[in-house]
Amino acid sequence: ALAGDARWGAEVFERLAAGHLFDGMEGWMPLLATGRETILDASDARVVVVEPARVRHRLADLLDEERELAGVVATTWRADREVPLLHVEFAALLAGHEVVDLEGRPGGGGGLTSPPVVQGDPGRIAAHVREWSPGRRAVVLATTPGAVARVADQLREEGLEVTTDPGAVLETRLSVLESALPAGFWLDDPEVVVWAESDLTGRRATRRATRARARTVDGFFDDLAVGSYVVHRHHGVARYAGTTTRSINGVTRDYLVLEFKDGRSYWPTEQIDAVTPYTGGDAPALSRLGGTEWQKTRAKARAAAYLVAQELVELYRRRAVATGHAFAPDSAWQREMEDLFPYTLTADQSRAIAEVKADMEAARPMDRLVCADVGFGKTEVALRAVFKCVQDNKQAAVLVPTTLLASQHYQTFVLGFAGFPLKVGRLSRLVAPKETKETREALADGTMDVVIGTHAILSKTTKFKNLGLVIVDEEQRFGVEHKEAIKARAVGVDVLTLSASPIPRTLEMALAGIRDLSMITTPPADRRPILTYVGEYDESAVVEAVRRELLREGQVFYVHNRVHDIDHVAQRIGRLVPDARVA
């Protein structure tokens with residue numbers, strides 16, 4: 001019935017009627033549901049509201065956004081009826097239920113208060129538990145099974161009886177459980193104190209992924225539109241004009257329609273592997289079908305590649321005959337560190353990590369390229385490789401192209417190795433001379449395990465006592481001289497290159513087998529694609545972008561190109577979005 005009444009959604013309705021499963025199908029639920037029910041309608045359970053004012057404001061924001069989107073959808077699809085809203089008002093949601101208000105208020109009053117400060121010290125937890133009355137229960141939370149076991153062992157060493165069984169919480173004074181609760185609390189009725197992992201480590205709690213992304217990004221032609229440029233392996237650059245079905249000599253087949261300089265041509269879809277999307281300039285010149293122009297272009301490319309190959313043969317001959325260090329299999333600390341990772345690894349990440357570890361455990365020097373888009377998890381691969389290197393009493397160097405990236409990686413590595421006896425240093429032009437001198441001395445005498453920095457690492461004054469691993473992040477950002485310095489230092493040393501967009505030479509060497517290649521093409525669960533818009537400055541667009549990010553409780557970087565009036569810009573943004581904290 002819907003397919004007939006609302007033609008704008010006929011294709012989707014037909015897929016739903018046929019029982020097909022696809023991304024986004026849950027968004028059509030309001031059109032199909034006969035009644036509106038929430039999980040609260042399914043039972044008479046007690047409703048606990050933490051921070052009611054914040055919940056109320058958040059729901060109001062969602063309702064406003066939903067109404068706006070519903071209007072846009074109705075206009076875009078020319079819907080002949082209003083798209084129904086799934087959400088209801090806050091008061092209506094709680095009607096008929098007993099509500100317990102757990103608004104965080106300092107000083108008791110029946111509400112939540114923060115737990116005692118323990119700063120990750122098991123001794124402080126033990127002291128608090130011993131001085132409390134026997135009826136008070138204490139619960140310590142950790143976000144991973146490995147962290148649960150580790151915290152429980154530390155508390156047992158303090159002489160306390162500890163359980164990790166959720167069913168035994170009421171019978172034991174102290175429990176350690178797995179949970180991603182963002183913060184702990186203190187209650188007097190019932191007598192319960194809960195410490196979250198953030199109370200122990202100071203880290204902000206993160207949400208674990210609960211489902212894998214259904215769609216991967218493997219297909220070349222997923223986003224190919226009519227009018228896009230493509231390259232035919234044997235005939236050159238053409239414009240893609242869609243597909244068509246034709247009957248020739250009584251045989252009906254599907255054909256790709258390609259427009260060359262001298263006219264259209266039709267290619268059977270079985271030959272699709274000979275066609276790839278064009279990734280060069282915005283408007284390339286079309287090739288002539290059957291001419292010699294494309295063959296000459298390919299010949300020039302082959303000649304250039306041959307010259308590059310001659311440069312690299314000597315270097316890789318030296319690396320091929322060099323004997324590297326065969327790292328030991330994973331230690332207990334390695335597994336413990338990896339268990340602390342707060343997210344679920346994607347299948348591609350797990351495969352890349354296994355390939356890197358296998359290379360490190362082999363006797364020949366590793367030379368692997370890990371290629372992945374921004375946010376797909378390259379840094380996590382690097383963290384595990386560096387930890388494995390240091391476990392064998394070797395030093396690791398992480399080379400990055402900018403001081404900002406050096407600072408970000410330094411914070412990531414320090415946080416990732418918190419609680420383990422690894423010393424991490426940094427080298428860049430923003431590091432004070434005294435700290436730079438101390439870092440170089442520590443690297444030379446072996447008291448520093450990991451250094452993260454820019455081109456300062458390549459300086460002749462930077463010496464390592466026992467270098468075992470070099471990681472180059474965003475290799476395409478380094479010049480020829482810098483790469484030669486890296487190569488000279490890395491003979492016989494394991495090298496791991498990370499890149500979202502490797503230069504053609506690096507990628508060709510990986511594809512040809514000169515360098516090993518690991519691809520991470522599956523995005524983490526719930527990761528959204530990067531959207532880029534270019535246009536004239538518009539304050540309303542700025543306000544809309546900032547408010548949309550604040551709605552998802554995110555953060556915004558506003559980049560300005562002059563220092564002398566940056567305070568004025570910050571004040572203007574503060575006036576445009578008064579509910580945002582601007583620095």
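Helices, counted as runs of at least four residues, and strands, counted as runs of at least two, are taken from DSSP and numbered from the N terminus, and the legends below use these numbers for a predicted model.

**View 1. Seven strands form an open, parallel sheet.** The order of the strands across the sheet is 14-15-13-16-17-12-18. Because strand 14 (424–427) and strand 18 (516–520) stand at the edges and each has a single partner strand, one side of each is left without a neighbour in the sheet. On average, and with direction ignored, neighbouring strands of this sheet are turned by 20 degrees against each other.

**View 2. Strand 12 pairs with strand 18.** Strand 12, which covers residues 367–372, is joined to strand 18 in the parallel sense over five bridges. Ala372 has Ile520 of strand 18 as its bridge partner.

**View 3. Helix 12 lies across several strands, among them strand 12 and strand 18.** This helix, made of residues 378–391, also lies across strand 13 (395–399), strand 15 (450–453), strand 16 (467–473) and strand 17 (494–499), and it runs at about 170 degrees to strand 16.

**View 4. Asn393 lies in the loop between helix 12 and strand 13.** Phi of Asn393 is near 60 degrees, which is a positive value in a residue other than glycine. Asn393 is exposed, since its relative accessible area is 67% and the cut-off for exposed is over 50%.

**View 5. Glu553 is found in the loop between helix 17 (539–551) and helix 18 (566–576).** Glu553, a residue other than glycine, likewise has a positive phi, near 60 degrees. With a relative accessibility of 45%, Glu553 counts as partly exposed.

Methods: Residues are numbered from 1 along each chain as its sequence is written. This is a predicted model: local features need pLDDT of at least 70, side-chain atom pairs count only at pLDDT 80 or more; totals for chains, interfaces and linings use all residues. Side-chain values use heavy atoms; hydrogens and water are left out. Two strands pair if DSSP finds at least two bridges between them. Axes are lines fitted to C-alpha atoms, for helices over the stretch in contact, and angles run from 0 to 180 degrees between N-to-C directions. Contact means heavy atoms within 4.5 Å. Buried means under 20% relative accessible area, exposed over 50%, partly exposed in between (1.4 Å probe, protein chains only).
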